[in-house]
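Work through the exercises below with the model open. Try each task before reading its solution.

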Amino acid sequence: MENIVITEQGKQLMSKVISETESMTFTKIAVSDYDYSGIELQNISELQSVKQTAIIAKISRTDGKTVEILAAINNEQIPEAYYVRTLGVYVKDSSENEILYGISISRENPDYMPAYDGKTLSGVSYRINVTVEDSEYITVNVNPAAVPTIMQVEDIETAFREHTEDKVSHITAADKKKLDGIEDGANKTIVDNELNSYSSNPVQNQVVYEEMLKRMAQKWVRSHLYTLYGIEEPSSVNGANTGSHYLDVKTGNTYIMTGYIDRGAQAWTNTGTLQSVEEILNSKFDKSNIANNLVTTREGYALDARQLNKSVAGSFAESVDNSITALNNALTPFKFTNVASGTQNIMAFYNSITKMMFVSFNYNIARVNEPTSLVILNDNAHTIDTDKYRFPVSAWDGTTGNIVLSYGYVSGQNICIYAPPCNEFNAYAAFFYHCK
């Protein structure tokens, strides 16, 4: 952080302190992630985007015109990380009016305050030198509520250093008794607090128990809806509140917490029983119809896996394969002889077994002035079994690109489409029809 810049309101208060008409007490610091680079710091009266404040932990005079302020912040209450770009020092006058006295900014490499992850506590300590005048009306006492106090940290560090540097063994009788019970060659054992695939360390019993509950819960359908579970009926469940849902993984019974009864005991009500995955599967399959290829005899192989081998004579697979071959052999290309001008990309196949005809084509014609029906193809080789066939047509105006309304139909042996008025009629159709 750069040197503290005294604000205009700080200078005005200091003038009153010098003239002995006012007093001044340092109260706190505040940190912000706002970037004040290029701004006249002395004209700022309040910080923007304040992230944290801290009570001053230690303050002392270093000479007649300077005081040293110590304060610290940590991330215990910080949900989102930020950079400390600005630090402000606040004071109060004799009327308890608090003002921003001085500002320090960090133009490069600002301190980083990470978000608290519930495990690692991080913090930053600041030692700030602030210019004042030699006046007895400037208070330099410390608020005892400051946490942590830098003085305490320094005292602990000093005591620890003196303790570790001396040659005297410091051990209590209780600690000696514990050490006497440790056999020679014993070493430190690390116990993991989670299951994983790479560690060879032992695991906490609680972790193993919770994993067992999770795996037992998986045999119940919809068990994922329950965040609280155990291996028995609920009575006193940690983390439960009114409205919490609980699953007994042994029986599948479900419960809801309805409130509290005498002396704060939890009250639970049974809400039903979940179906097991095994029950669901059994209801979907008739086991009596499932044959095991390892034990089924040749005489009784009607449902045997051999039925899926088309190389086995008389098998179901052979029958299906023969049917597919027959259908393929019965499918032949068909060529229309009566085709309207403008018809392109005609594709047609006729199946002599099913007597089904598949047809697709493109069609193009110049300007259509009036709604009209156009005969596109004529199937003079087959008798179409009805005049009620209708089929969809994708149509558009080739000049504008706009979609136009069209449809197709069969009339006798003619295949027709409807063309609305447009500059250039384009169409595509693909459909089936049945023949007698």
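**Exercise 1: an exposed loop residue**

Asn109 is exposed, with a relative accessible area of 71%. Exposed means over 50%, buried under 20%, and partly exposed in between, with a 1.4 Å probe and protein chains only. The model is predicted: local features need pLDDT of at least 70, side-chain atom pairs need 80 or more, and totals for chains, interfaces and linings use all residues. Residues are numbered from 1 along each chain as its sequence is written, and side-chain values use heavy atoms, without hydrogens and water.

Task: locate Asn109 and state the sign of its phi.

Solution. Step one: Asn109 sits in the loop between strand 8 (98–105) and strand 9 (111–113). Strands are DSSP runs of E with at least two residues; helices are runs of H or I with at least four; both are numbered from the N terminus. Step two: phi of Asn109 is positive, about 55°, although the residue is not a glycine.

**Exercise 2: another positive phi**

Task: place Ser49 and classify its exposure.

Solution. Step one: Ser49 lies in the loop between strand 2 (24–32) and strand 3 (50–55). Step two: its phi is near 55°, a positive value in a residue other than glycine. Step three: Ser49 has 35% relative accessibility, so it counts as partly exposed.

**Exercise 3: one face of a helix**

Task: find the buried residues of helix 1 (residues 8–18) and explain why they line one face.

Solution. Step one: Gly10, Leu13, Met14 and Val17 are buried. Step two: seen down the axis of helix 1, these buried residues fall within an arc of 105°, so they line one face. The arc is taken over directions from the helix axis to the C-beta atoms. Step three: just after helix 1, Glu20 takes a positive phi of about 65°.

**Exercise 4: confidence**

Task: find where confidence is lowest and highest in the chain.

Solution. Step one: the chain averages a pLDDT of 84 (the predictor's confidence in each residue, from 0 to 100), and 86% of the residues score at least 70. Step two: strand 11 (residues 138–139) is lowest, at a mean of 59. Strand 22 (residues 394–397) is highest, at 96.
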